[in-house]
Amino acid sequence: MPVLRSRLPFDALLHWGCRLLATVLLCTATAGCASVPDPVPRTPSRALEAPEQTALGQLATARRGQARSDSGFMLLSSVDLAFSSRLALIDAAQRTLDLQYYAIHADASTEILLEHLRTAARRGVRVRILLDDFNTVGEDAQVLRLAFLPGVEMRLFNPLPGSRGSLFGKVLGSLHQADRIQKRMHNKLFIADNAWGVAGGRNLGDAYFGGDGKSAFVDLDVLAAGAIVRQMSASFDRYWNDELAYPVQTLLTRRDLERMRDDKERNDQHARADAGPGALLPSAAASQPSATVLPNATPTAVVSAQRPSLDLRQTTLTWAPATLLADQPGKVGPDDDEVQAGETVVDGLLQLMGQTRQEVLIISPYFVPGPQMMRLFADLRRRGVAVRVLTNSLASNDAPAAHAGYRHYRRDLLALGVELHEMRADPATAELHGGRASGSSAGGSGLGSGVGGSKSGTSRASLHSKAVIIDRRLAVIGSMNLDLRSKQQNSEVALLIRSGALATAGAQLIENTFAHDAYRVELDGGRLHWRAPPGAGFADTDSEPDAGWGLKLLVDVLSPLAPESML
């Protein structure tokens, strides 16, 4: 059975898992399983060839001035900077906008971005959106309405045959293609006029931009300008023109989306009638189609719309040599054997880490090292290199199966002398320490700066940043986790930046999180101990902090069952 990462509260996750297990035999016994179409004809297209002819291209050149390097960068660790930078790129674009994401959620913050995208398309900007198919279900499927707007092209990568009514239905209807379920396009790029762009860990939605105010996603992006953006666009084009990128119109119609919306409205009405007055269910007004891109815009969007876009003329950019680490689309496809060992983003990252002389700092929300990485850590420790890791605790992890894989290695990592820190699942701590940054190059004092929310509806912090800092001179920030899924299953992309200033700023973000928002895990007499930072408002503990018995039981069940390559 496929092991999937799902951003769901524990009770919903357990319920979903039980339903899936109970119906697997029914699905496999049913004849006539659905399938995706054969590769379809599509019109190839490429990034803008002359970005210097646009206002953004000219701004990048002017901002460079006399700098020796031709690529500029700014860390985006706060939700305000992450959102306002994307808004600024949309509003300033004159010719092209290219977006590549694993997930785009149909909620308040996305409504604002998509409205600005529609406005850009109306003024003649070519908009291309490449989205992994996995999360295009339920309410989030309504994001696909954008594909039917003039001036917008939208493609789904590696589509699955299952129903779009729910994630459960999609997985159930795709079990006969289990390997295809596992291989996902995890890349995250946002590019304007082939001149400026954003890369990093964030998908698009309230969960990443602070729109729901319920829980805290701690994330990190990089704003990029200049020559490096050409590499970002080249990677986007490879995926856009790949045979696994299906135009939305070949998979569903606008009427299909309208039927899904109508079905949801009917279900909501029945639920309200069954629940009676005063029940906490969507109101009839909230379910009415709006004149906006998404059919269910909420009042939150009105508030979020007050956020100004970033002034790209005034941002502090660090100009430095850089390159893009990007997996090939074939890593996700059925012929993934063509991608040789050592050619993936994670492989390249491990080679870089092997050259570390003094210290490597790692942020990985899902941290399942595997044998090769463990050998690398052992070699680094023998040479006296400090290895310091920030990952999720069990309570802050939105993927319990990933934690099940991580805990297999926790004691061995500590025995090697690897320094392990686990994020505390308390959004108040992250919010208190980080605050909302207004324009610094680092974007705030810690990784919890103005943290976002989660679609799970739970009240907790969850680490989502992905970065590696080597000897405080190299910074790698992107979509990859240090786990076997990122290494073997998903496609990933990352920026490798050679800058002491930017790497030091990134290291400070991590260390400030160590000092305020994370437990340090230690071995005390053979037992695991979670030590709170000095002066913290929370105490030490000898068991998985803030995790209830049900969550611990779930991980105990998953631990011996889930293959590490799927975690």
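**Reading a predicted model: confidence, sheets and helix pairs**

Biologist: Over residues 299-304, where pLDDT stays under 50, how many contacts does the model have beyond four places in sequence?

Modeller: Five, for residues 299-304. A quick gloss: pLDDT is the predictor's confidence in each residue, from 0 to 100, and a contact means heavy atoms within 4.5 Å. Where pLDDT is low, the predicted coordinates shouldn't be read in detail. This is a predicted model, so to speak: local features need pLDDT of at least 70, side-chain atom pairs count only at pLDDT 80 or more, and totals for chains, interfaces and linings use all residues. Residues are numbered from 1 along each chain as its sequence is written, and side-chain values use heavy atoms, leaving out hydrogens and water.

Biologist: What pLDDT does the protein chain average?

Modeller: The chain averages 84, and 79% of the residues score at least 70. Residues 6-32 are another stretch to handle with care: pLDDT is below 50 there, although the model gives this stretch 39 contacts beyond near neighbours in sequence.

Biologist: On to sheets. What is the order of the open sheet that has strand 11 in it?

Modeller: General idea: strands of a sheet pair through backbone hydrogen bonds, either parallel or antiparallel. As for terms, two strands pair if DSSP finds at least two bridges between them. Helices (H or I, at least four residues) and strands (E, at least two) are DSSP runs, numbered from the N terminus. Here, nine strands form an open sheet in the order 11-18-17-16-12-13-14-19-20, and the pairing is mixed.

Biologist: Why is one side of strand 11 and of strand 20 left without a neighbour in the sheet?

Modeller: Strand 11 (322-326) and strand 20 (527-531) stand at the edges and each has a single partner strand, so one side of each lacks a neighbour in the sheet. From one strand to the next, the twist averages 20°. At the strand 20 end, strand 19 (residues 518-524) runs antiparallel to strand 20, joined by five bridges, and V521 stands opposite W530 in strand 20.

Biologist: Which strands of this sheet does helix 8 touch?

Modeller: Helix 8 (residues 228-240) touches strand 11 and strand 18 (493-498), its direction making about 15° with that of strand 11. Such angles run from 0 to 180 degrees between N-to-C directions, and axes are lines fitted to C-alpha atoms, for helices over the stretch in contact. Helix 11 (residues 345-353) lies across strands including strand 12 (359-363), strand 16 (467-470) and strand 17 (474-478), and runs at about 25° to strand 16.

Biologist: And what order does the open sheet with strand 9 have?

Modeller: This one is 9-4-3-2-5-6-8-1-10, nine strands with mixed pairing. Strand 9 (245-247) and strand 10 (318-319) are its edge strands, each pairing on one side only. Strand 6 (residues 196-200) and strand 8 (residues 221-226) pair antiparallel over five bridges, with G200 opposite D221 in strand 8. Helix 8 packs on this sheet, at about 110° to the direction of strand 8.

Biologist: Now helix pairs. At what angle do helix 13 and helix 17 pack?

Modeller: Two packed helices are described by the angle between their axes and the distance between the axes. Helix 13 (residues 400-416) and helix 17 (residues 549-558) pack at about 65°, axes 9 Å apart. They are therefore roughly perpendicular (under 35 degrees counts as roughly parallel, over 145 as roughly antiparallel, 65 to 115 as roughly perpendicular, the rest as oblique). Their crossing is right-handed: the near helix is turned clockwise from the far one by less than a right angle, whereas anticlockwise would be left-handed. P400, A401, H403, A404 and R407 of helix 13 make the contact with L551, L554, V555, D556 and L558 of helix 17.

Biologist: How do the residues of the contact of helix 13 with helix 17 divide?

Modeller: Seven nonpolar, one polar and two charged. Ala, Val, Leu, Ile, Met, Phe, Trp, Tyr, Cys and Pro count as nonpolar, Asp, Glu, Lys and Arg as charged, and the others, Gly among them, as polar.

Biologist: How do helix 11 and helix 12 cross?

Modeller: At roughly 15°, with the axes of helix 11 and helix 12 (370-382) coming within 10 Å. That makes helix 11 roughly parallel to helix 12, and the crossing is left-handed.
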